[in-house]
Amino acid sequence: MGRNESTRSELKPGDHIYSDKGEIDIVIAKLNVYNHHGIYVGDGIVIHFLAPAKQSNSSVPCKRCGHTPRLHYGIVRTCVDCFLDGHSLYINYWGDCKPPYEVVKTAMEFCDGIRSFGEYELLNNNCEHFATFCKTGKKSSKEIKAAVIKITQAGCIGALGLLEYARQVLKTKESPVTLEHRA
């Protein structure tokens, strides 16, 4: 995914869009933890997949689209403002994908209940899986794959560190073989 911030004027129906939702401020920069994905369907409207936990405390409906964050989850239709929730907008450019009208049709069918995308599951059925499926016909999440790789790498690095620590500890102590020869 390219990280060049986009503008609303660049949006076209069928675009897979995302927003940097989970940021952590660290001393020198902001670290992006996750992105929220959706399909832009035109007229300032986005269809996206919200987890029940993504609900906010707000019970006031949006004046533009009627979305009430505390009440709505699953596959929802909102305005771009509700989708972004004050965060940056990015377009995910795909090489090989469905034509825009098919992408919009697929998203609308899920949103209107004609098709079911199932329950939200962070690892196997999330907003990126939804947007990618609408765009390409295949469920996939680059974020989940990248997270698994990072966790695996961290585990390997941790294991190597533990082995090195054990090697250093053993190197500083006399081995049982050395003790036997002294007796």
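How many of the 10 residues of helix α3 (residues 127–136) are buried? In this predicted model, local features need pLDDT of at least 70 and side-chain atom pairs count only at pLDDT 80 or more, while totals for chains, interfaces and linings use all residues. Residues are numbered from 1 along each chain as its sequence is written, and side-chain values use heavy atoms, with hydrogens and water left out.

**View 1. Helix α3 is largely enclosed by the rest of the structure.** To answer the opening question, 9 of the 10 residues of α3 are buried. Here buried means under 20% relative accessible area, exposed means over 50%, and partly exposed lies in between, with a 1.4 Å probe and protein chains only. Helices are DSSP runs of H or I with at least four residues, strands are runs of E with at least two, and both are numbered from the N terminus. The buried residues of α3 are Cys 127, Glu 128, His 129, Phe 130, Ala 131, Thr 132, Phe 133, Cys 134 and Lys 135. At the start of this helix, a side-chain oxygen of Asn 126 comes to within 2.8 Å of the backbone nitrogen of Glu 128. After the helix comes Gly 137, with a positive phi near 85°.

**View 2. Ser 141 and Glu 128 share a polar contact.** Take a look at Ser 141, in the loop between α3 and α4 (142–172). Ser 141 counts as buried because its relative accessibility is 3%. Its side chain is joined to that of Glu 128 by a polar contact of 2.7 Å. A polar contact is a pair of N or O atoms within 3.5 Å; within protein, one must be able to donate a hydrogen and the other to accept it, and residues adjacent in sequence count only if both atoms are side-chain atoms. Leaving aside residues up to four places away in sequence, Ser 141 touches Asn 126, Glu 128 and His 129, where contact means heavy atoms within 4.5 Å.

**View 3. Cys 97 touches Lys 135 and Thr 136.** Cys 97 sits in the loop between β5 (90–92) and α2 (100–111). Its relative accessibility is 30%, so Cys 97 counts as partly exposed. The two contacts named in the title leave out residues up to four places away in sequence. Cys 97 and Thr 136 are 39 residues apart along the chain, and their C-alpha atoms are separated by 4.7 Å.

**View 4. Arg 8, Arg 64 and Asp 81 are linked in a network of salt bridges.** A salt bridge is a side-chain nitrogen of Lys or Arg within 4 Å of a carboxyl oxygen of Asp or Glu. The whole structure holds 5 salt bridges. One of them joins the side chains of Arg 64 and Asp 81, at 2.1 Å from N to O. This pair links distant parts of the chain, 17 residues apart: Arg 64 is in the loop between β3 and β4, and Asp 81 is in helix α1 (residues 80–84). Arg 64 is exposed at 63% relative accessibility, whereas Asp 81 is partly exposed at 27%.

**View 5. Glu 109 forms salt bridges with Lys 105 and Arg 115.** The side chains of Glu 109 and Lys 105 meet at 3.3 Å, N to O. Because they are 4 residues apart in helix α2, Glu 109 and Lys 105 are separated by about one helical turn. For the salt bridge between Glu 109 and Arg 115, the closest N and O atoms are 3.3 Å apart. Glu 109 is buried, with a relative accessible area of 15%. Its partners are partly exposed: Lys 105 at 48% and Arg 115 at 33%.

**View 6. Strands β3 and β4 pair in the antiparallel sense.** Strand β3 (residues 45–50) pairs with strand β4 (residues 74–79) over 6 bridges; two strands pair if DSSP finds at least two bridges between them. Within this pairing, Val 46 stands opposite Thr 78 of β4. In β3, 5 of the 6 residues are buried, so the strand is largely enclosed by the rest of the structure.

**View 7. Asp 43 and Asp 85 have positive phi values.** Most residues other than glycine have a negative phi. Phi of Asp 43 is near 55°, and phi of Asp 85 is near 50°. Asp 43 lies in the loop between β2 (30–42) and β3, and Asp 85 in the loop between α1 and β5. Asp 43 is exposed, with a relative accessible area of 80%; Asp 85 is exposed at 55%.
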